[in-house]
Amino acid sequence: MSEFVIDRVWALQVLDSRGDPTVEVVVTTKGGGVGRGIAPAGASRGSREALELRDGGRKYLGRGVEKAVEAVNKYIAPAIIGMSSYRFREVDRRMIEVDGTPNMSRLGANATTATSFAVLNAAANTEGLPLFEFLGGRRSRLLPTPLMNVINGGAHAGNELSFQEFMIVPVGASTFSEALRVAVEVYKTLKGYLKEVYGPMATNVGDEGGFAPPMKSVREALEALVKAVTRAGYEVGKDVLLALDVAASQIYRDGKYVVDRSEMTAEELLELYLRLAEEFPIASIEDPFAEDQPRYFKELRDKLKGRSLVIGDDLTVTRAELVSEYFLGGVIDGTIIKVNQVGTFTEAERSITTLKELGGRAIISHRSGESEDTTIAHIAVAYEIGLIKTGAPARGERTSKYNELLRIEDYLSGDAIYAGSKFLK
Ligand code: PGA
Ligand code: ZN
């Protein structure tokens with residue numbers, strides 16, 4: 001096993017999909033393995049997320065990550081060189097120890113996330129296996145159902161849509177590649193529809209590759225999705241479901257929610273969700289209320305009676321303790337999993353296994369600031385998570401994940417299974 005021993009670790013500053021600097025880490029092993037990892041970055045972050053280090057100052061308008069790069073080169077590298085990449089959980093624990101803070105604020109979650117991904121990839125590369133197989137073994141063959149964000153609003157777009165993400169979920173397909181084809185057909189049909197109704201400017205895209213049309217109401221966006229699905233020749237509610245990420249902490253001000261330019265109480269917003277869930281086949285609603293209002297998540301979940309899943313993101317920030325507390329308390333049906341919310345793969349893995357043990361839903365997710373890193377595609381398959389959020393089928397940082405899933409499906413030849421609607425019930 002000496003071939004797995006980490007012999008070099010270094011970091012450099014690269015760019016993410018928004019043009020912001022981010023951390024890339026390279027790890028090599030004694031056996032000649034090489035792994036890279038790039039940290040993503042969120043725009044609508046939960047307040048309890050692990051902290052990313054930014055330099056401040058004038059360079060890159062304060063967004064530089066030279067301090068995080070230095071944290072890798074100066075503190076992380078000496079602490080993990082000589083450890084086995086095969087025991088990647090021990091490597092992650094070492095980083096947590098070296099950091100010594102509850103939120104990774106010393107080393108930076110951007111430094112530790114990139115390192116954690118790089119160590120995983122180096123170990124898989126040393127073994128000569130794709131990462132999903134290294135992590136999950138030969139039984140891993142479940143390809144996830146994508147929740148594709150095709151209309152962007154909130155913090156991800158320059159329009160007036162209050163909800164952040166309007167998604168299509170191609171559940172009716174029998175393979176992952178077929179699901180992707182269906183989603184692309186709907187995405188392209190949606191583009192044509194938006195151009196027709198709102199003019200060509202409406203087809204500009206937001207941070208996650210979805211269109212950012214000048215719509216005024218959330219209902220309008222859902223109606224456009226129904227139109228696009230139908231026009232593309234599919235049945236809404238059967239072939240394609242819809243999903244929402246409200247990212248409600250972003251529209252919460254002084255005890256009220258600002259939706260479609262008017263103020264709403266939590267009770268009124270709850271009523272709106274119930275009406276929308278009656279009218280549209282909404283498979284899941286993520287962060288329907290602000291992160292400090294779990295009681296309304298619970299009330300919504302009780303009233304929806306399983307019609308749509310209630311999912312936490314800013315509420316749960318991939319912390320296993322919060323995930324189990326809220327799941328057991330009936331507050332949520334499941335959560336988003338974002339490695340950089342906790343700073344290491346091992347901590348995210350704890351949330352995944354916690355949800356699996358309890359019977360909850362996990363949705364592995366990109367961030368709005370992304371890169372060509374494809375680690376999350378492998379995690380999805382390795383842990384048979386069954387659900388992935390990685391944006392529209394456009395922009396290289398989003399298609400890199402879809403393309404990697406296509407490669408995994410190809411690698412598995414006839415053995416791959418598509419999750420379909422299994423995890424949305
Ligand atoms: P973020 O948003 O990556 O900008 O935080 C994604 C999400 O809220 O799911
Ligand atoms: Zn979210």
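A polar contact here is a pair of N or O atoms within 3.5 Å. With that in hand, let's look at how ligand 1 is held in this predicted model. Residues are numbered from 1 along each chain as its sequence is written, and ligands are numbered from 1 in the order in which they are written. Local features need pLDDT of at least 70, side-chain atom pairs count only at pLDDT 80 or more, and hydrogens and water are left out of side-chain values.

Three polar contacts involve oxygen atoms of ligand 1:

| Residue | Protein atom | Distance to an oxygen of ligand 1 |
|---|---|---|
| Ala-43 | polar backbone atom | 2.6 Å |
| Arg-367 | side-chain N or O atom | 2.7 Å |
| Lys-389 | polar side-chain atom | 3.0 Å |

Taken alone, ligand 1 exposes 280 Å² (Shrake-Rupley method, 1.4 Å probe), and the protein buries 100% of that.

Around the ligand there are 14 residues, each with a heavy atom within 4 Å; His-156 and Ser-368 are among the closest. One of these shell residues is nonpolar, five are polar and eight are charged. Domain 1 (2-128) and domain 2 (142-424) each supply at least three residues to the shell.

What does ligand 1 sit in? It occupies the second largest cavity, meaning a set of points on a 1 Å grid over the protein atoms alone where a 1.4 Å probe fits but cannot get out. Sitting there requires more than half of the ligand's atoms within 2 Å of the grid points. There are two cavities of 30 Å³ or more. The largest has about 90 Å³ of space and 15 lining residues (an atom within 4 Å of a point), including Pro-40 and Phe-117.

How values were computed:
Polar contact = N/O pair within 3.5 Å; in protein donor to acceptor, adjacent residues only side chain to side chain. 1 Å grid on protein atoms, 1.4 Å probe; cavity = no way out; pocket = protein on both sides within 12 Å on 5 of 7 lines; lining within 4 Å. Nonpolar A, V, L, I, M, F, W, Y, C, P; charged D, E, K, R; others polar. Domains from an automatic or database assignment. Points joined across faces, edges and corners; volume = space filled by probe spheres on them.
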